[in-house]
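Some questions about how the parts of a chain are described, each answered from the coordinates.

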Amino acid sequence: MNEKLIECSGLGKRYGAKRALDCVDLSVGRGRIIGLLGPNGSGKTTLIKILCGLLQPTSGKVAIAGEAIGAKSKAIISYLPDRTYFANWMNASDMFDVFEDFYADFDRKKAESMCKSLGIEPKEKLKTMSKGTKEKVQLVLVMSRKAQLYLLDEPIAGVDPAARDFILNTILTNYNQEGTVVISTHLIADIEPVLDEVIFLKEGKIMRHQSVDDIRSEEGKSVDALFREIFRAHPVEGGEF
Amino acid sequence: MDWKLTDDRPIWLQLSEQLARGIISGVYPPGSRLPSVRELAMQAGVNPNTMQRALAQLEQDGLAKAERTAGRIVTEDLQVLEKARLAEAKIKASEYLHGMEQLGYDKAQAVEMLKEETK
């Protein structure tokens, strides 16, 4: 088994004149929970989409477990997109059917029991679900696969604090020693204790890639506080009333 | 166990201190088995790798020892436990003095007040 789950070198992505990712070098091992942090528009989603094979990089190389992006890499990646892609008329068990057909590693029993503990009715249609409930169902689907790499794009943004704890616990209990979880978010304080390491993205570049405890002992402050310091936006001064 | 994490210091360090406190105060009695890494990590809501590091520190301090097959056992060496308790007490005492100093009392006054309090 390849020790390096993700390897990128010189990775770049341009949308027209805009550089979304700029020369990203990244190497990620197994058995880690990693926070992908950065302000809006810093390239988090672009990076995740490239890893999933949804976007083609403009330059550079990517390998997942030593393989180029393709059918093999997709089989071992479980991806939670930042928006819902299921049809409104579907209910949770319809979606389980879809996942069962698509992914050999999907564990339906696990998904059903997770839904139960979250109080989600499997026959309720997506249409009548709240935003938070929809997010929970999708997370259940994604975490019920026995994948090697989980790429979670903003998994906790829309759910209430109790569900947030449940989700973090789900992530903690379900990931395995061979697997790695990458969580993109800007709600750092909530997830900081569960992270091994963090990647700070700023304007498409990696500013920092370090373990949480190293940052804390070097800086004497939490990752959340460091983030606020690095990315503080200064209000425009002046203006008369 | 109640877990409290502050922002300013490494998480593993805080976890190992709190585990040590749990051992000293008898939450985990001498000779008992500590919960598994995964269980403790879930309780505290932290990454298992971080908890692992905290437990390794406990082993290094001699407060717990790894059993070959089944997790970790709290030490029965009373000397080690007493030493850890004393270290913890010293911290509490210096915290008290520091707090009083911030309020503008010198050491003698602080001691005087402590006496007053225990009457």
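Q: Which domains does the domain assignment of chain B give?
A: The model is a predicted one. For chain B the assignment gives domain 1 (11–76) and domain 2 (79–117). Their C-alpha centres lie 27 Å apart.

Q: How do you know that domain 1 of chain B and domain 2 of chain B are in contact?
A: Contact requires heavy atoms within 4.5 Å. Domain 1 of chain B contributes 8 residues to the contact and domain 2 of chain B contributes 5 residues. Between them the two domains bury about 560 Å², with 79% of it on carbon and sulfur atoms.

Q: Which three residues supply 65% of the area that domain 1 of chain B buries against domain 2 of chain B?
A: They are B:Arg21, B:Ile24 and B:Leu63, and no other three residues supply more.

Q: Why is α2(B) called roughly perpendicular to α3(B)?
A: The axes of α2(B) (residues 37–44) and α3(B) (residues 48–60) cross at roughly 110 degrees and come within 9 Å. Angles of 65 to 115 degrees count as roughly perpendicular, so α2(B) is roughly perpendicular to α3(B). The crossing of α2(B) past α3(B) is right-handed.

Q: What makes the contact of α2(B) with α3(B) 7 nonpolar and 1 polar by class?
A: From α2(B) come B:Val37, B:Leu40, B:Ala41 and B:Ala44, and from α3(B) come B:Pro48, B:Met51, B:Gln52 and B:Leu55. Val, Leu, Ala, Pro and Met count as nonpolar, whereas Gln falls among the polar residues. The contact therefore has 7 nonpolar, 1 polar and no charged residues.

Technical notes: Residues numbered from 1 in each chain as written. Chains lettered and ligands numbered in written order. Predicted model: local features only at pLDDT ≥ 70, side-chain atom pairs only at ≥ 80, totals over all residues. Heavy atoms only, no water. Axes fitted to C-alpha atoms, helices over the stretch in contact; angles between N-to-C directions. Helix = DSSP H or I, 4+ residues; strand = E, 2+ residues; numbered from the N terminus. Parallel < 35°, antiparallel > 145°, perpendicular 65-115°, else oblique. Left-handed = near helix turned anticlockwise from the far one by under 90°. Domains from an automatic or database assignment. Buried area = accessible area lost by both parts, 1.4 Å probe.
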